[in-house]
Amino acid sequence: MIPSTAPDKVLSHSIGIKGESWRSHEAEQPVKSPRGRMEFEALLADLSAAFVGVHAEEVDTQIEQSLQRIGKFLDVDRCSLGECLEDRRQLLITHSYVKVGIPPMPRRILNDQLPWYVGRILRGEVLRFNQLPDDLPSEAVHEREYVIGIGMKSHVMVPFKVCGSILGAIGVASFKTCRAWPDTLVQRLRVVGEIFANALARKQADQTLRQSERRYRDLVETTRAVPWEANAQTFQMRYVGPQAACLLGHPLEEWYREGFWAVHLHRDDRERVLRTMADAGRLGKGYEVEYRMVSAAGQEVWVHDLISSACAERFTPTIRGVMIDVTARKAAEEEALRLRDQLARVARVTMMGELAAAIAHEINQPLCAIISNAQAAQRFLTGNVPDPAEVSATLRDIVKDGQRASQVIGRIRTLLQKGQPARVYFNLNDAIHEVVALMCHQLARKGIALSLDLAADLPPVFGDRVQFQQVVLNLMINAVDALSHVETRVRELSVRSACAEGGRTVVSVRDSGPGIASEHLQQIFDTLFTTKPDGMGIGLAISRSIVEAHGGRIWADPCAGGAAFHFTLPLSQEAAP
Amino acid sequence: MTDTTPIVFVVDDDDSVRKALSRLFRSAGLGVEAFTSAEDFLRHERPDAPGCLVLDVHMPGLDGLGLQRALNEGSGALPIVFISGHGDIPMSVRAMKAGAVNFLPKPFQDQDLLNAVEEALAKGRQARQGQAEASELRHRAETLTPREREVLALVVSGMLNKQVGFRLGVCEKTIKVHRGQVMKKMQADSLADLVRMAGKLGIPAPPG
């Protein structure tokens with residue numbers, strides 16, 4: 001008896017039933033009788049109904065129960081369901097029912113052991129063997145061995161599909177007798193397969209969805225950033241991640257109270273932040289804003305808020321974002337700033353050290369004049385003909401020279417001060433003049449011709465006056481050093497101030513020294529880079545740091561016959577960071 | 001040579017210092033002329049009067065030491081008192097070696113500066129006197145005849161009249177006559193005087 005294959009093998013589900021030989025038990029096939037058919041139909045309807053509304057985790061149990069009912073109804077020894085793993089060419093038996101006394105079907109993989117069998121099933125063929133092993137073709141060597149080994153007498157396996165791809169197969173087996181498996185049976189088993197397939201598909205979809213949900217939930221709840229969703233107008237929180245409890249030390253429920261977030265904003269930041277949030281909600285753009293909140297313990301907490309989206313959720317304007325606690329980063333930034341200011345002061349003190357001789361001289365001149373004048377006045381008073389007019393003039397000069405000395409000291413003290421950097425509006429040209437005054441004696445001594453080209457109509461600049469002077473002083477000292485190498489041509493130094501576009505001023509210091517090698521143009525502003533044998537290499541690095549902190553830019557030009565350094569400064573408070 | 005009021009020339013680029021120094025010297029009864037730079041001073045025509053120079057070392061353009069060098073190389077040497085705002089030792093040593101009278105760091109006591117100026121003026125006077133003397137001697141020497149010059153040179157070398165006569169191939173009597181002329185024209189009081197004059201004139205001993 002050759003195995004017959006159902007004509008619709010590729011398109012239908014397949015259910016395998018193992019039963020007795022058709023020769024002797026035709027009349028006993030339950031499905032042939034009208035009553036049997038009705039009952040089977042009723043069973044099918046029942047099974048179908050049973051799967052409606054079944055939860056994903058109950059599907060497996062339900063399948064097992066169904067297999068049991070079918071097995072009992074058909075009076076077979078074993079009824080099992082397999083899943084096709086097509087990519088691996090395997091048939092995995094996932095569910096089975098066995099009659100009492102029959103060896104159980106383990107959950108196993110049929111692959112290389114039964115290659116012919118698995119191959120046919122994976123192609124969608126219904127396999128019907130009324131009599132085993134006779135009904136097996138000669139090439140099914142392994143299969144023959146297998147069925148003889150376990151004593152299987154009769155078997156039918158019906159593959160089924162959902163949406164065009166093979167999902168699985170249902171097999172039914174008999175170990176005691178041979179049976180015939182009629183087409184109607186195969187068809188009905190196919191229907192059952194469909195039911196199982198749907199249920200399994202639904203279970204799969206459900207599992208995937210749950211996995212996805214679990215993954216997102218994990219991400220949201222375990223990340224250090226605090227995700228949130230809020231009403232774009234009232235800022236009422238609709239969702240806030242559980243991490244929020246750690247952010248401020250308030251229990252999570254508090255965050256959902258009306259106005260909680262706004263109330264806990266630091267009062268200096270409140271106006272700016274509320275404005276930004278309102279903009280984000282209206283314009284729908286991604287914003288980033290940093291602000292302080294006040295924790296339950298009264299501490300400042302720095303928050304970096306990334307507003308990711310704005311939309312309308314059920315007709316309510318909504319914004320979503322993520323808050324990150326950056327208190328540690330802010331503290332580090334502030335510390336870095338403080339250290340930088342300290343370093344700037346060290347650089348200033350060092351520069352003043354370099355100028356020490358010049359400074360001493362600047363003070364010595366008026367002192368010398370004062371002493372000589374006073375002594376001259378004494379002589380005038382005790383001389384043959386006392387000359388009050390001359391004495392008077394002398395005293396006036398003494399006062400003037402005293403003030404001059406005092407000014408020099410004042411300028412130096414300002415540059416050496418330790419105080420906090422203070423940003424004000426100041427007259428840039430006046431500040432330049434003061435620096436030039438400090439340098440003028442050195443310039444004279446070294447035979448350097450100074451030219452000043454300071455724009456008359458410069459508006460006040462916003463920034464730290466002392467630090468600005470430090471930059472100019474640094475550039476001038478560097479220029480003087482460069483010029484000390486010049487022997488043959490004229491030593492020229494020029495300082496220029498002018499308006500630049502975009503509401504900035506630019507200051508330029510130019511010298512007629514040896515110039516800068518083009519490969520060094522960028523490097524010279526790096527820390528600890530110096531071409532001077534006893535230089536520290538922090539002057540220009542500090543200058544860059546100061547200029548950039550003011551929102552400006554500093555750069556060097558190898559102009560013809562020398563070098564030029566330029567830096568820009570903003571004119572208004574808004575432009576300075 | 002007229003002996004006029006000594007003049008102190010002040011050269012310093014710092015306005016306050018220059019003014020104060022001028023005042024100081026005036027209060028001590030000295031004449032003052034002040035200049036803002038070394039170049040200015042060199043350009044200015046100096047009166048023929050005793051004087052000295054009070055000079056700042058560090059100045060733009062030609063500095064103090066440069067001016068000293070220029071004056072030494074030229075004929076217009078003037079005694080110099082240096083003042084300096086820097087108190088630089090190597091520089092002061094150079095200045096002194098090149099003939100400065102003194103080197104004072106600022107700020108200085110008025111008396112110290114005035115003493116230095118006094119010393120400089122005295123040196124200046126001496127120098128002027130020496131120059132005047134030398135000039136007069138040269139003038140007198142020019143009136144000597146060639147033969148008289150020869151006799152002068154040999155006499156101051158310590159030769160007796162007889163020896164001189166022998167050397168020149170002239171009899172002693174003639175030598176005595178020449179010698180008398182030399183003494184008269186040079187206005188020497190004694191042989192020793194003549195020897196001194198010859199030294200001042202740079203007349204060397206003849207080989208012999």
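Reader: Why is helix α4 of chain A largely enclosed by the rest of the structure?

Author: This is a predicted model. In it, helix α4 of chain A spans residues 115–122, and 6 of its 8 residues are buried, so the helix is largely enclosed by the rest of the structure.

Reader: Which residues of α4(A) are buried?

Author: Trp116(A), Tyr117(A), Val118(A), Gly119(A), Ile121(A) and Leu122(A).

Reader: And what does Gly124(A) do just after α4(A)?

Author: Gly124(A) adopts a positive phi, about 90 degrees.

Reader: Zoom out. How many helices and strands in chain A?

Author: Chain A has 16 helices and 18 strands. Of its 577 residues, 47% are buried. About 29,100 Å² of chain A is exposed, with 54% of that from carbon and sulfur atoms.

Reader: What about contacts along chain A, counting residues at least 6 apart in sequence?

Author: Among those contacts, 64% join residues at least 24 apart.

Reader: Switch to chain B. What pattern does it follow along the sequence?

Author: Chain B reads β-α-β-α-β-α-β-α-β-α-α-α-α-α. That chain holds 9 helices and 5 strands.

Reader: How much of chain B counts as buried?

Author: 44% of its 208 residues. The accessible surface of chain B is about 10,800 Å², and carbon and sulfur atoms account for 53% of that.

Reader: Same contact question for chain B, residues at least 6 apart?

Author: There, 62% of the contacts join residues at least 24 apart.

Reader: Now the interface. How many residues does the contact take from chain A and from chain B?

Author: Chain A gives 23 residues and chain B gives 23 residues. Between them the two chains bury about 2,100 Å², with 50% of it on carbon and sulfur atoms.

Reader: How many salt bridges between chain A and chain B?

Author: The count is 6. In a salt bridge between the chains, Lys19(B) meets Asp397(A) at 3.3 Å, N to O.

Reader: And how many residue pairs in polar contact?

Author: There are 15 such pairs between chain A and chain B, with both residues at pLDDT 80 or more.

Reader: Which elements of chain A give two or more residues to the side that touches chain B?

Author: α12 (356–382), α13 (388–416) and α14 (428–445) of chain A.

Reader: Which one gives the largest share?

Author: α12(A), with 14 residues.

Reader: What is that side of chain A made of, by class?

Author: The side touching chain B has 9 nonpolar, 8 polar and 6 charged residues.

Notes
Residues are numbered from 1 along each chain as its sequence is written. Chains are lettered from A and ligands numbered from 1 in the order in which they are written. This is a predicted model: local features need pLDDT of at least 70, side-chain atom pairs count only at pLDDT 80 or more; totals for chains, interfaces and linings use all residues. Side-chain values use heavy atoms; hydrogens and water are left out. Contact means heavy atoms within 4.5 Å. Buried area is the accessible area (1.4 Å probe) that two parts lose on being put together, summed over both. A salt bridge is a side-chain nitrogen of Lys or Arg within 4 Å of a carboxyl oxygen of Asp or Glu. A polar contact is a pair of N or O atoms within 3.5 Å; within protein, one must be able to donate a hydrogen and the other to accept it, and residues adjacent in sequence count only if both atoms are side-chain atoms. Helices (H or I, at least four residues) and strands (E, at least two) are DSSP runs, numbered from the N terminus. Ala, Val, Leu, Ile, Met, Phe, Trp, Tyr, Cys and Pro count as nonpolar, Asp, Glu, Lys and Arg as charged, and the others, Gly among them, as polar. Buried means under 20% relative accessible area, exposed over 50%, partly exposed in between (1.4 Å probe, protein chains only). Accessible areas come from the Shrake-Rupley method with a 1.4 Å probe; for residues, only the protein chains shown count as cover.
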